[in-house]
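Colleague: I'm new to this one. Could you show it to me and explain the words you use for it?

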Amino acid sequence: MKISIIVPIFNVENYLKECIQSIVNQTYSNIEIILVDDGSTDNSGEICEEYAAKDSRIKVVHITNSGLSEARNTGLKIATGDYIMFLDGDDFITLNAVEDIVKIVEAEDNIDIVTGKMIAYYKNNNLIKENFHIEEDRLINKSGPEVLTYYFNEIPNIIWSACRSIYRREFLINNNFKFTPNLTSEDLDLIPRIYLSAKKVRAYNEPFYYYRQQRPNSII
């Protein structure tokens with residue numbers, strides 16, 4: 001099974017190596033790494049090319065600055081993996097994340113979404129892990145609207161980030177799911193719609209995504 005990891009990048013030279021390193025060092029190796037340089041004016045583009053020269057799994061795309069949504073959509077157009085993961089260029093993931101998620105999607109047919117947990121990452125390595133528990137048994141044989149209702153009722157403070165989940169590529173393509181350009185908080189627009197269409201959702205209860213906080217010049 002092949003996993004495509006799409007990384008939109010804009011002026012994150014101070015964090016980008018940590019991000020890419022967390023991907024190339026994954027314990028699961030059958031991955032496609034798509035680095036979308038969204039018109040960076042710092043050294044981010046050069047860092048992408050340096051890594052691509054050393055790892056054949058990496059594809060680099062340079063585009064005119066168009067925003068996070070278009071950068072992600074660009075990655076979606078060229079992704080060839082069975083499943084899609086999004087990782088922002090200033091964040092990083094645990095080294096066994098992809099392997100763990102692949103085990104989940106290989107256990108059943110046609111899982112549309114696997115939802116995981118995030119870790120708020122502050123300066124000086126201060127961490128706050130999401131401490132809710134997704135009850136896997138309550139997601140089995142539930143429709144998309146039922147799953148979404150479960151999240152709203154049981155985990156009302158969940159961060160609706162595209163990066164907390166992995167998505168079956170065929171499911172995204174068949175439903176023509178794309179991020180809306182020029183929209184702040186584009187995840188809030190798209191992710192609930194994705195869940196409403198999903199027929200099979202599963203949980204990954206280990207915090208795996210380090211979500212960098214209080215970064216200067218971040219969209220937040």
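Modeller: Here are a few labels and the reasoning behind them, bearing in mind that this is a predicted model.

Colleague: What makes helix H4 mostly covered?

Modeller: Buried means under 20% relative accessible area, and seven of the ten residues in H4 (residues 97-106) are buried. They are Ala97, Val98, Asp100, Ile101, Val102, Ile104 and Val105.

Colleague: Which residues does Val98 touch?

Modeller: Leaving aside residues up to four places away in sequence, Val98 touches Ile3, Ile5, Gln26, Tyr28, Ile31, Met85 and Ile93. Contact here means heavy atoms within 4.5 Å. The largest nonpolar core has 72 residues, and Val98 is among those that touch the most other members, along with Ile3, Phe86, Tyr151, Ile194 and Tyr195.

Colleague: Why is the space lined by Leu76 and Phe86, among others, called a cavity?

Modeller: A 1.4 Å probe fits there but cannot get out, so the space counts as a cavity. About 40 Å³ lies in this largest cavity, and the structure holds one cavity of 30 Å³ or more. Helix H7 (residues 186-197) gives the largest share of the lining, three residues.

Colleague: What classes of residue line the largest cavity?

Modeller: Nine nonpolar, no polar and no charged ones. Tyr counts as nonpolar here, so Tyr167 fits in with lining residues such as Leu172 and Phe177.

Colleague: And what lines the second largest pocket?

Modeller: Its lining has 16 residues, with Met118, Ile128, Lys129, Glu130 and Ile159 nearest the centre. Strand S6 gives the most, four residues. By class, eleven are nonpolar, three polar and two charged. The volume of this pocket is about 190 Å³.

Note on methods:
Residues numbered from 1 in each chain as written. Predicted model: local features only at pLDDT ≥ 70, side-chain atom pairs only at ≥ 80, totals over all residues. Heavy atoms only, no water. Buried < 20%, exposed > 50% of the residue type's maximum accessible area, 1.4 Å probe, protein only. Helix = DSSP H or I, 4+ residues; strand = E, 2+ residues; numbered from the N terminus. 1 Å grid on protein atoms, 1.4 Å probe; cavity = no way out; pocket = protein on both sides within 12 Å on 5 of 7 lines; lining within 4 Å. Points joined across faces, edges and corners; volume = space filled by probe spheres on them. Core = buried A, V, L, I, M, F, W, Y, C linked by side-chain atoms within 4.5 Å.
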